[in-house]
Structure formats: structure tokens, C-alpha cells
Amino acid sequence: MTVVEESTNAVPTPDNNLNDQKPAGFGRMLRKEDPRFVRGMGQYCDDVELPGMLHLAILRSPYAHARIVSIDKTAAEAHPKVKAVITGEDLAASNLAWMPTLSNDVQAVLATDKVRFQHQEVAFVVAEDRYSARDALELIDVEYDPLPAVIDVRKALAPDAPIIRDDLDGKTNNHCFEWEAGDKAATDAVFADADAAEDGIVVTEDIVYPRVHPAPMETCGCVADVERVSGKLTLWCTTQAPHAHRTVYALVAGLPEHKIRIIAPDIGGGFGNKVPIYPGYVCAIVASLVIGKPVKWMEDRTENLVSTGFARDYVMRGEIAATRDGKIRAIRTEVLADHGAFNGTAAPVKYPAGFFGVFTGSYDLEAAYAHMDAVYTNKAPGGVAYACSFRITEAVYLVERMVDVLAHDLDMDPAELRLKNFIQPDQFPYESKTGWIYDSGDYEPAMRKAMAMAGYDELRREQAEKRERGELMGIGISFFTEAVGAGPRKDMDILGLGMADGCELRVHPTGKAVVRLSVKTQGQGHETTFAQIIAEEIGIPPEDIDVVHGDTDNTPFGLGTYGSRSTPVSGAAAALVARKVRDKAQIIASGMLEASVADIEYEAGAFRVKGDPEKSVTIQDIAMKAHGAGDLPDGLEGGLEAQICYNPENLTYPFGAYICVVDIDPGTAEVTVRRFIAVDDCGTQINPMIIEGQVHGGLADGVGMALMEMIAFDEDGNCVSGTLMDYLIPTAMEVPDWETGHTVTPSPHHPIGAKGIGESATVGSPPAIVNAVIDALKPYGVRHADMPLTPSRVWETMQGNHTPPI
Amino acid sequence: MDVTMNINGEEVTRDIEPRTLLVHYLRDNLGMTGTHWGCDTSNCGTCVVWVDGEPVKSCTTLAAMAGGHDVRTVEGMEVDGELDPVQEGFIQCHGLQCGFCTPGMMMTARALLDRNPDPSEAEIREAISGQICRCTGYATIVRSIRWAAQKEQATRVEVSAS
């Protein structure tokens, strides 16, 4: 059952504070984390300062591909403030020069044989202060023998391409992996039929999703402290997945797991950039082990942009088979995926292409098929990041761009075409042609709502008038469905670790509580929303609940926050652990009220005897009883706490309808995003204020990717986007005031019906913006142009000179 | 070299290397970690502090250049336990998520309101255009600053009426 509500653009003012009503559970609630942040009292990784702490800096390769001939570190070691200089050869002596990636590949911690991308880690220095550590890098003399580099992914599989991964036994090409989804024969048959039929049409387009970077405001880093007597490692680290990191360090470095404590302090934005284990973390741990002092490593901005987890880099050919009256029958795609020098993708093991398999989008099809070749190139590793929901950004961009290509060729309104092809409400749960079970959805109300908010028909009239005058205005639509909340442990693991999440709830004698999570906020507001989930379930006010997270010694095991999984997985764990506590509370209440357990009913923090509302006790009364003197019902232990490990039954499938309005200056080709309307459905809403914030941030990401951002390389493999002067991120000047709304279609299998919202807008917005730009350029006969749609690229497109980015 | 400056009303002196950046002077020498460091190139603005009332990017200012001047940081915004209306506005309007850009944003916002007590949305966007936020998409930051402007206007009306 879908609830269509009014738009949520209400803005608080000092006279009309929307925050005066404190919710007892779900609802708009100010964030518990904000009072420390607005005072500058957050504690981020670089704020950690320990007695005797040393600083680590990394020497990086100037070449994209080169053999290391020799390294002379004597001058650096002679620097008076330097404590250690370590090379790959030094690490190799302890078998630590290579480490596994999250995709069962290996990655060099420090290069030994050769460097495979520009800025790859070659050596590190540990010194008394951060300036001296960097000074000493310049004293290390490395002799390289440069090799030809593979930069254009389209040339990576050429027979004469240089072999990048000659470290792998028997490797004779740059092929990384092959992947497919769907039924090839059935799909080819539908395409053949559509091609032959008089009322059939097949459209094809080459579409590139360029390499981009999450570039969180806080770069990656850590402080490693190995306590000499106990041998215990404490690692303060910018990690979105502290528990997964701990286990990986235990498995890889042979450190006993109980002697590793990972603390993820406040994190200045993650967006997937802080999921992998980076060589710098390993270097800092090694340094602290060797020197016996705490060691800090913080990247600078360039290091972050050029060496840590990039995103996207898919070259796709999309095809749609349809009827001429606009019924989409099948989708087919061939993908060339650039994975860089090491396959560092952070995705469930059985999903090397992430969840790209949902490229069938929100449409009911006869058949679908995808085939992918992933290759190595001389670029930085990564691939799954930047709020991509495990590659659903690429999938949604492909299908939503292709639907617009079809609309273009049929000369059909893109909204009408989408409405005609949606999966219908009575088809849920819907199994897609690539095997994904969509849990719930009701797409048309969301689409209609976005069109109503936008004033769609009026916009089209305005556009027609402007075209008469030679003005360029475009209206772009995207409708997306995501698959988030990885995931069911029967299918999903990372390095053998099932993707479940734990949660622990303790109610103190006075009725206050602490809830401990395995996931970790990077700004999403877990300290607020998880308190609200507990509050909703057992009636303890959110302000009385402390949320503990980001510390492996003090939280239950779980896989962390990425892929919009916190609410779908850990949020479910929180709701269920509260219900466990509530069940016990009900038994205690039955003793206190001298009634049978079955006769006790719960409502909003109070337990009552059915039919006798005068007889009731609160959760706070019960908490004191549970810890206090006197007898409890037979067989019941004292205390009021519970723990759970939640294994999701399925993923959740949030969706949304986005409409973007752009204007293009015909003289300069500059694109202005005039309006952006976003209607999201993430199921049950825990805190609408936070949901709106999550959507807003993702929409700005979309503007960045569609119009500005790209990690680019020259032909020698030099990264030319290594600073924020070159890698352009939207400021307040490039984005409009967002117009948001929502519908509510709860998930049937999630305990509170919530679906996850963290990445919806990043996934859904780029195609809406690109579709709007292409729509504006219709008078020029343009059918497709690749991101980023910078003025120069739009200008070239207007001149008929569009070239895909490399 | 000894560098002395007045920070949030208090005079401090430290012996530093001449090349020390103001952001590192604040963070490493004084332990004032509310000011953040984000890009090295004056693009992101997480490091914005005031020097003599003007917002500057402390990652590209030498500490020595601030010697003898008045510096104000996020730690100086709250006075006698009372939050600045800008800080309150950011809380009320969800103007922050990860909180990393927030100190710099708020320092710029405070400077804007001091010279333009009733800025339009466009004026606010221009004022913060030298700063990057990756989380909020800016609309709630704009609302936060408007909230603070309205709050201060209401306070002024109350004061003049009484």
C-alpha cells in the first residue's frame, strides 16, 4: 500500500520551528551529533594525538608503468628527524609487500618489482613531524625503467598491449574477469524478432560512465598504536567497516583478532572511499610495530584523488528492443570495465560487477542480458565507491539513458514511455529477468507526483516557446529502482564474511539505554536515527538512548556502512533487538501486574493489562524491577538486555522519480541546472529531515558527475585531476534549491518497512541531468553525449564533434 | 621563530618553523582541532578562520603572516555557553551531516551576516562559493544561514522595542 504524501520542502524558521515537537520514535528530530560538530568538537582521525606519536609519509611513483631498478634511501635515513625509511623490499622480507584486496586479487603495499599506476606507493618515511616526513621523501633516490602504459581501456585487450599483471602466475593479457547476467539466447531472440517485425525497433548507443572520485572532505588516514607489552594494536582509522577491517588484518597479517582494536572516530564523509584497506594503513601498522611508537598517516588531497578508491569507469554499449508504440521488450548490454592496476573492488564476492545486474531498471521486460569484460589498466585501483550502491549507478544510468534514446527515436514523450513500461503494483514481489526479487513498489504514483510538482505539461509548453526563439531548455527524467541492504548470507559475503549485522541493547536500571551497532556513520546521523528506532519499539525517549558505534572492542560484529545497508540491515537488527527486550519486559510486567503474559499489551512505552488500562507499568518501571530487589517471574534472569545478529531475507528496493530542468547558453554551451524535482520512496521513514538531507547530498553528487567531475589521464598515464583545482566539485553556485517529495511503500520483509536512502539520489540523478541536456540539444539533432557535460564537451556536441572521454 | 597572535581573545605565542601554515599552527601547535584541513589549494574551505575579521583559508596562510593579528576560529563562536545564531541555525536546519566542512562554513556565514544582516539566497550562495560540502547539497546550509539572519533580526527588533 503506497501512501502519497505532500512534498517535504518545509523549512524551519525561528518563528515556526519544525523541531519543537520531540518525536517519541519516528519523525523529524534534530540530530544528537550536531552539538559537538557545530562547536568544532568532533573528533576526526587527524585530531587524534598520542604521546610520542610519529608521522608517516608515502613516496609515490611518478610513472604509470615502470620497472624499479634501484632505491637508495641512505640520504633519507640520515635526516635528523627521520626514524625509519621502509621500501617494498623491506616489507617483502616479512612477507608483507603484498596484501589481498576485497575482491580476492592482490595489491602491492609497497612496489617491489614494478609500479603499475602513477602515484603507486613505493616507500614510506616515519619522522618526528609531518613536515620532516615529507621533506625526507625527497631524499629517497629511485631509479625507474619506464614501460609503455595501458591507459585507454579499449586498447587493454589488444594483442600487443603491455602486460600489467606479470606478478600473477601465467598472466598473458590484461583480462581481469568476465561476467554475465540474464538469458542470452532468449534476449537475442527478442532482438531478432523486434528487428524483423514491421512494428519493431532496436536502438543502440555507446555510453561511457567516466571515472570519478568520491573525494570526501576528510581524506583517508589512520593512527596505529601497537602496545609493546601486550602486543595489542589499536588503529584509529577512517573506515566505514571497522569490524571487517579487523578480521582482514587478523587473516592477512597473522595478528590475533582479540589483539586488534579498530576505532573509527568521527568520519568526514565516506561515500565508499573509506571501505577498502589502503596500503597506507598497513604501512602505519608496520611502522608502529617496528618502531614501538604510535604512528599517524594522513593523506593529502592529491594522494586521496590519485590513489584511493575511484568509482565507475564503465564503457557500455546499450541496446533496447521495443515495439514502435513504445513497449520495451528487452535490454542488452556489453560492458568494458576498467578496474585499474589491481582489482580493489569492494563488493560481495559472488558479484564482481556489483549489482549491475539490476540494469533492467523499473520496467517489465520479456528478456535481458549483460556481458562484461573487466580489464586491468595502469590506473589506480577501486571501482565501487561514490555512493554507487554496488554499481547500481552505472546500471541506472545505462537503462535511463537508453530509454531516452528510444523515446528520441520514437519521437515519444519520455515520461509517457516510462509510464507505459513500469512493473505494475500487482506484480510485486517481482522477479526481474536477471534474477533480482524486487520486494515492493508502486511506481506510477511517484512518477505522477514528480510530474505534478514539476508542472510537467507547463514546462513542455515553455520549452516549445523557447525553441521557437532559439533558446535551449531541456527537461530530463529518470526513474530508478535500487537494490540495497546487502545482504542475505546465503548469497553475499566479503572475503568469506557473511553480510549480516549485529546489534546489542542494554536498558540501565533507571530506564536509560545504550545501543551498540556494527555499522558506522560518516555523516548519515546514526546516533539519532538508531535511537529513534529503539524509541519507536520500546518507548524509551530517543534522548535517553546512547548510540555506540565505530569501536570493535565495544560493538558487536557486522560488516559496516556502505551500499545503503545501514537501515536495511543494521536498522532491522536494532528493531529486532528492541523487540527481544520488549518481550522480556512483557514477562516482567506480567509479574508486576499479576496477570498472564498473554494478557499484557504494549503501547508507546507502557505495558497494560488488557481491558484494565488502569493497571500499567512503564518500560522505566520494568527496567528498575529487572535490576532491583525482589523476585522475577520463574526462570527469568535479571537484567534487561539483548543481542542479535540480523541476516536479511532479501535486499530492499527503494525507488524514485526525478525531473531536471536545464538551460544551456547557446553562446558558451554552459549548462545551468534551473530546477531539480526528486520524489523518493524509501519505505517507512525514520527521520524525514535526515532523509531529505541524504537526498539533497546525492543530487549535488549527480550535478558533479553529470556536468563537472572526471578523473582524467594523459596518454602517458599521468593523472591530470589530482587537485581540487582540476577535479571540479559543485559549490553552492552550481546547484539549485532542491524540490523534494516522497511516497511511502514499505518493504514487506524489513521489520519496520524501511528501505535505505543513502545513495538513491546519487544513483538516480545523473541520468536525469544528462537526459535534460540532451533534450535541450534536440534542435542540434543530438541523441547522446557523454559525461561530464562541461561547456567544452557540450560545445563540441553542438558542433557535431562529440567524442567519448578516455 | 616565535609567533604571537590573539586567538579568540587570548594571546598565544609559540616557537615554530617559519614555513608552518596557520592551519597546522592551530591544529598541531595549539591543539585547536575545530579548524580542519582538506585540500592544500584553497578550494575546499574546511580551513576557513578569520584574520582581523576577514575569512581566510588557513591552509594557504603562513602562521607568521597572522603574527600580531586577531584570529578567530570556530572554538570562539560560542560565547558564555550560548551558541552563535549561525551554530543554532545549522542544527535547526540540518545544515551539516559529517560536520567536516561545518566550522569553515559557519565562519564564512558569520562574516557574511556581520556585513549583510539580511542576505538573499543568491548572496548566501555566493558567500559560501569558495567552500565545498560533499554531504548536504548546500540547500540546508543556505536555510541555516537564513535562519540565523531571521533570528538576529527578531532579536534586534526586540531590543529596539524594549
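**Exercise 1. Find which residue is the bridge partner of A:F607 in β30(A), then describe the sheet around this pair.**

*Solution.*
Step 1. Start with the pair. In this predicted model, A:F607 has A:V617 of β30(A) as its bridge partner.

Step 2. Move up to the strands. β29 of chain A covers residues 606–609 and pairs with β30(A). The sense is antiparallel, and there are four bridges.

Step 3. Add the third strand. The sheet is open and runs in the order β28-β29-β30 in chain A. Its pairing is antiparallel.

Step 4. Look at the edges. β28 (600–603) and β30 (612–618) of chain A each have a single partner strand, so one side of each lacks a neighbour in the sheet. From one strand to the next, the twist averages 35 degrees.

**Exercise 2. State which strands of this sheet helix α14 of chain A lies across, and which ones helix α15 of chain A touches.**

*Solution.*
Step 1. Take α14(A), residues 566–593. This helix lies across β28, β29 and β30 of chain A. Its direction is at about 125 degrees to β28(A).

Step 2. Take α15(A), residues 619–627. This helix packs on the sheet and touches β29 and β30 of chain A. Its direction makes about 55 degrees with that of β30(A).

**Exercise 3. In the open sheet that holds β7, β3 and β9 of chain A, work out the strand order and explain why two strands stand at the edges.**

*Solution.*
Step 1. Read the order. It is β7-β3-β9, with antiparallel pairing.

Step 2. Count partners. β7 (114–115) and β9 (141–146) of chain A each have a single partner strand, so each has one side without a neighbour in the sheet. That puts them at the edges.

Step 3. Check one pairing. β3(A), residues 66–72, and β7(A) pair over two bridges in the antiparallel sense. A:A66 stands opposite A:V115 of β7(A).

**Exercise 4. Decide whether α17 of chain A is mostly covered or exposed, and compare its reach with the expected span.**

*Solution.*
Step 1. Check the reach. α17(A) has 17 residues, 760–776. From first C-alpha to last, the helix reaches 25 Å. At 1.5 Å a residue, 24 Å is expected, so the two values are close.

Step 2. Check burial. A residue is buried if 20 or more other C-beta atoms lie within 10 Å of its own. In α17(A), 17 of 17 residues are buried, and the helix is mostly covered.

**Exercise 5. Describe the fold of chain A as a whole: its elements, its compactness and its contacts.**

*Solution.*
Step 1. List the elements. Chain A has 18 helices and 34 strands.

Step 2. Test compactness. The radius of gyration is 27 Å, close to the 28 Å that the globule rule gives for 806 residues, so chain A is as compact as a globular protein of that length.

Step 3. Add extent and burial. The C-alpha trace spans about 80 × 75 × 55 Å along its principal axes. Of the 806 residues, 59% count as buried.

Step 4. Look at contacts. Among those with a separation of 6 or more, 78% join residues 24 or more positions apart.

**Exercise 6. Find how many residues of chain B are in contact with chain A, and which helix gives the most to that side.**

*Solution.*
Step 1. Count each side. 49 residues of chain B are in contact with 48 residues of chain A.

Step 2. Name the contributors. α2 (85–92), α3 (102–115), α4 (121–127) and α5 (139–161) of chain B each give two or more residues. α5(B) gives the most, with eight residues.

Step 3. Sort by class. The chain B side has 21 nonpolar, 18 polar and 10 charged residues.

Definitions and conventions. Residues are numbered from 1 along each chain as its sequence is written. Chains are lettered from A and ligands numbered from 1 in the order in which they are written. This is a predicted model: local features need pLDDT of at least 70, side-chain atom pairs count only at pLDDT 80 or more; totals for chains, interfaces and linings use all residues. Two strands pair if DSSP finds at least two bridges between them. The radius of gyration is taken over C-alpha atoms; the globule rule is 2.2 Å times the number of residues to the power 0.38. A residue is buried if 20 or more other C-beta atoms lie within 10 Å of its own, exposed if 12 or fewer, and partly exposed in between; C-beta atoms are placed from the backbone. Two residues are in contact if their C-beta atoms, placed from the backbone, lie within 7 Å. Ala, Val, Leu, Ile, Met, Phe, Trp, Tyr, Cys and Pro count as nonpolar, Asp, Glu, Lys and Arg as charged, and the others, Gly among them, as polar. Axes are lines fitted to C-alpha atoms, for helices over the stretch in contact, and angles run from 0 to 180 degrees between N-to-C directions.
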